[in-house]
Amino acid sequence: MKDPVSHSLYGAVLLIGISASLASSALAQPSSAPKTRIELASSPAVDLHFYIRAMAERPRDSWMPELAGAAEAVKKLQEKLGGGLLAWGPIEGQLYGIKTGADLGELFTRLSEAKTGPHGDRIPWGEAAGAYGRALVDAEEFFLEKVWPGHEKIIRERTIEIERDLLSKQGECIDFMLKHLGIVDPKAMVPVFLVADAPFPGAFTFRRRGGLGVCYVSCTDQHHRQSLLYEQVLHEATHAFDLASGGKSVFGQLRDRLTAAGVSQTDRNLRDVPHTV
């Protein structure tokens, strides 16, 4: 997720302190092409979810009447989740593999009945999740007929651009990034879902089942076009590389040193280590 980073003095000092010690280990990485790869993906159901979330952040008089029920339902679910960019993580990390509105309805029904999240965390959403799932099922027919065709066209165009200009060179890009982040190639597939619209900040990476990451990037936002869109795809993929590394990286060493210096696990400076680096 790309949001403003508060650069603390101790963070800067520690980063300088570890850079030299990590340089030799980074340079020792094998020079062969990495097996880790980025794969673009899209799903009308995933696009529907993020479109409704984005709509719910806008004034009500701008909502499509046919989708207003889903927007109201997601606002109530957001209230249960609380604020913060990471609040949706336990939910959106499970969208990988979702293809239809029925899949969404089943997922949110399951979430409404669960006592803990996929990683053992306490969950606050309750029946609000089930209500949102039912609203998505009700909204799907209109969305597929009136909204998705335009979204699909945009996503297809952006997919062609990204595959041509970025992914055709992803071997070299990923090799460079893993080497200089001190990450041994995890040989992971990083799914990056392109969606037509999304709430602020327009791009997210969350842990999916199995411990790896799944990324979502809005590809129609005015700030996510061409080279900036390519940067956003790599930016989110880097969060997934971080998850796949199991803490054995520049990120992990900086987090360890911050923690040893007394920084709380909930401190934003710890969460923002990838942005600081």
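Let's start with strand β4, residues 213–218. Both of its faces are covered. Gly 213, Cys 215 and Val 217 are buried on one side. Val 214, Tyr 216 and Ser 218 are buried on the other. Buried means under 20% relative accessible area, exposed means over 50%, and partly exposed is in between, with a 1.4 Å probe and protein chains only. So much for the cut-offs; β4 has six of its six residues buried.

A word on the source: this is a predicted model, local features need pLDDT of at least 70, side-chain atom pairs count only at pLDDT 80 or more, and totals for chains, interfaces and linings use all residues. Residues are numbered from 1 along each chain as its sequence is written, and side-chain values use heavy atoms, with hydrogens and water left out.

Strands and helices here are DSSP runs, numbered from the N terminus: helices are H or I with at least four residues, strands are E with at least two.

Now the sheet. Which order do the four strands take? The order is β1-β2-β4-β3, in an open sheet with mixed pairing. β1 and β3 (203–207) stand at the edges with a single partner strand each, so one side of each has no neighbour in the sheet. Neighbouring strands are turned by 25° against each other on average, direction ignored. For angles, axes are lines fitted to C-alpha atoms, for helices over the stretch in contact, and values run from 0 to 180 degrees between N-to-C directions.

Next, the pairings. Two strands pair if DSSP finds at least two bridges between them. In general, strands of a sheet pair through backbone hydrogen bonds, either parallel or antiparallel.

Take β1 and β2 (residues 189–195): they are parallel, over five bridges. Ile 38 has Val 190 as its bridge partner in β2. β2 and β4 are also parallel, over four bridges. Here Leu 194 has Val 217 as its partner in β4. Val 192 stands opposite Cys 215 in β4.

β3 and β4 pair in the antiparallel sense, over five bridges. Phe 204 is partnered by Tyr 216. These two strands form a hairpin with five residues between them. In the turn, Gly 210 has a positive phi of about 100°.

Back to the edge strand β1, residues 37–41. In a regular strand the side chains alternate between the two faces of the sheet. β1 shows the alternation: Ile 38 and Leu 40 point to one face and are buried. Arg 37, Glu 39 and Ala 41 point to the other face and are not buried.

On to helix α7, residues 170–180. Which of its residues are buried? Gln 170, Ile 174, Met 177 and Leu 178 are. Seen down the axis of α7, they fall within an arc of 95°, so they line one face of the helix. That arc is taken over the directions from the helix axis to the C-beta atoms. The buried residues pack against β1 and α8 (227–245). Contact means heavy atoms within 4.5 Å. On the other side of α7, Glu 172 and Phe 176 are exposed. Just after the helix, Gly 182 takes a positive phi of about 70°.

Now the core. A nonpolar core is a set of buried Ala, Val, Leu, Ile, Met, Phe, Trp, Tyr and Cys residues joined through side-chain atoms within 4.5 Å. The largest one has 74 residues. Those with the most contacts inside it are Leu 77, Phe 108, Ile 162 and Val 192. Helix α6 (residues 127–165) gives the largest share of this core, twelve residues. Beyond four places in sequence, Phe 108 touches residues including His 49, Leu 77, Ile 91 and Tyr 132.

Two more residues of α6. His 151 lies in that helix. Is it buried or exposed? His 151 is buried, at 11% relative accessible area. Leaving aside neighbours within four places in sequence, His 151 contacts Asp 47, Tyr 51, Phe 143 and Ala 196. Lys 153 is in α6 too. Lys 153 is partly exposed, at 47%. Its C-alpha atom is 9.6 Å from that of Ala 196, 43 residues apart along the chain.

Last, the cysteines. How many disulfides does the structure hold? Zero, where a disulfide is a pair of cysteine sulfur atoms within 2.5 Å. Cys 173 is partly exposed, at 24% relative accessible area. Cys 219 is buried, at 0%.
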